[in-house]
Amino acid sequence: MQARLVASAGNVQLVPDKYPATGVWAYNASVPGPVLRVRQGDRLRVLVQNGLSETTTVHWHGVRLPNAMDGVPYITQPPIEPERDFTYEFAPPDAGTFFYHPHQRGYEQVGRGLAGALIVEEREPLAVDRDVLWVLGDWRLNGDASINGNFGNFMDLSHAGRIGNTVTINGRVPEGFRVRAGERIRLRLVNAASARAFALEFRGHRPWVIALDGQPVEPHQPAGGAVVLGPAMRADLILDMEAAPGSRHAVHDGFYRRLAYELTDLEYSDEAPLRTRAGDPPRLAANPLTEPDVRGAERHDIVFTGGMMGNMRGLARGMAWAVNGIANGCGDSGLPFEPLLVLRQGRSYVLRLVNDTLWHHPIHLHGHSFRVISRNGNPTRHREWLDTVMLDPRERAEIAFVADNPGDWMFHCHVLEHQASGMMACVRVS
Ligand code: C2O
Ligand code: CU
């Protein structure tokens, strides 16, 4: 599969037509960028052309690819200068729902619209009536629908990140989502926001989660009924349209209690049901991940600190957060970046992640997927494979994986404002 992505400024209609278009930064003039689809194991070759007036890169979030294709400026490649290009080429080993975004000044480049979905198709397609993708975006717009330009302000860096005021699905403020009674939809959710988390409830429906961060999971109905997605996280759902023709049901986002709102509605057509009984959810075939040896693993503690109301050291340098006491910038600066950990290729590791702050942090490791084996000391029910694990305030989680991909891999919070202000580290596998 060959594709070309041109990053440049453009205008798109994010909000309803009676309002003006929004000036964005976009891939191929569309927000989100084009959906790239490739079969599991096939080669994907993407020419990225930089039409922005600043440097950029593209990171293939969650894909276990060779280090040189990971899109981290200065660490895996020189940043792509304006008017220049770079070709990424790799064969994704895992089927599932992934996404791509810049790794250079992400808090602004993603915040202005640079992100898109990468779908790696299973060799055996899943039996569903429709395969639907919702890329969730979050924007901080002014009254005239233009983007508020206050990126990287210290308030956002040191608190929850840049939470916007306008949520989009596939680049549009959603009106309603048409469905037919009885149909079975695979709904791929991608949280492409720089900071906003979602907790989606499909009122009147009981979605099955069949994959998280692209990796199959034992089909289950989410605890508490809501599908929680921190920034960069993905979920594949099976949604059976079990309500009556002609009915309407809210999709509600209650992640931030005081900012709860209705994202969209499921709007049933009047057609007779396609079928009357949904049956069990289908299962996805496992991806070729190596099982970590949890007992024999080497263990490390990783402590995340900072934020307002936290430890205030480092604030003077514009760094609000730290990993094991060290505040690194994005790596965007080209300053040397000492690895936090050096892991032996092929060995199993358990990292105990400690969120010693009062904020949420979706922690992402590049180049690997890991099992989440415990939270606050309790074994997890599904031992899910993720590439980004959401840590609640003061939460601890243990992740386990085999360090099987050599290179220097970023390990950071995916609230991109936190990443930019210290919550970023590097793990070396050699
Ligand atoms: Cu999706 Cu280091 O990023
Ligand atoms: Cu964070």
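Begin by selecting arginine 162 and phenylalanine 151 in this predicted model. The charged end of arginine 162 sits over the ring of phenylalanine 151, at 3.7 Å from the ring centre. Keep phenylalanine 151 displayed and add Val31, Leu416 and Ala420: these residues are among the members of a nonpolar core of 15 residues. That core is separate from the largest one, which is visited later in the tour.

Next, select arginine 347 and tyrosine 349. Here the charged end of arginine 347 sits over the ring of tyrosine 349, 6.0 Å from its centre. Now hide arginine 347 and show phenylalanine 401 beside tyrosine 349. The rings of tyrosine 349 and phenylalanine 401 make a tilted aromatic pair, with 6.4 Å from centre to centre and 35° between the planes. Because tyrosine 349 belongs to strand β23 (residues 348-355) and phenylalanine 401 to strand β29 (residues 396-402), the pair ties together parts that are 52 residues apart in sequence. Tyrosine 349 and phenylalanine 401 are both buried.

The aromatic pairs deserve a wider view. In the whole structure, a search finds 10 of them. One to select is phenylalanine 255 with tyrosine 256, an edge-to-face pair whose centres are 4.8 Å apart and whose planes stand at 75°. Phenylalanine 255 has a relative accessible area of 17%, so it counts as buried, the limit being under 20%. Then select Tyr27, Trp60, Phe86, Tyr88, Phe90 and Tyr100 together, since ring pairs link these residues into a cluster.

Retain Trp60 and turn to the largest nonpolar core, which has 90 residues. Trp60 is one of the residues with the most contacts inside this core, along with Trp134, Phe202 and Leu353. Colour strand β13 (residues 198-202) as well: this strand gives the most to the core, contributing four residues.

Which residues surround leucine 353, once its neighbours within four places in sequence are left aside? Leucine 353 is in contact with Ile302, Phe304, Ile363, Val389, Leu391, Glu395, Arg396, Ala397, Ile399 and Phe411.

The last stop is the largest pocket, with a volume of about 790 Å³. Its lining comprises 23 residues, and those closest to the pocket centre are Ala223, Ala226, Val228, Arg375 and Glu384. To see the elements that give two or more residues to this lining, select strands β14 (208-212), β15 (215-220) and β16 (227-229).

Note on methods. Residues are numbered from 1 along each chain as its sequence is written. Chains are lettered from A and ligands numbered from 1 in the order in which they are written. This is a predicted model: local features need pLDDT of at least 70, side-chain atom pairs count only at pLDDT 80 or more; totals for chains, interfaces and linings use all residues. Side-chain values use heavy atoms; hydrogens and water are left out. Rings of Phe, Tyr and Trp (its six-membered ring) pair if their centres lie within 6.5 Å; planes under 30 degrees apart count as stacked, over 60 as edge-to-face and the rest as tilted. Buried means under 20% relative accessible area, exposed over 50%, partly exposed in between (1.4 Å probe, protein chains only). A charge sits over a ring if NZ of Lys or CZ of Arg is within 6 Å of the ring centre and within 35 degrees of the ring normal. A nonpolar core is a set of buried Ala, Val, Leu, Ile, Met, Phe, Trp, Tyr and Cys residues joined through side-chain atoms within 4.5 Å. Contact means heavy atoms within 4.5 Å. On a 1 Å grid over the protein atoms alone, a cavity is a set of points where a 1.4 Å probe fits but cannot get out, and a pocket is an open set with protein on both sides within 12 Å along at least five of seven lines; lining residues have an atom within 4 Å of a point. Grid points are joined across faces, edges and corners, and a volume is the space filled by probe spheres set on the points.
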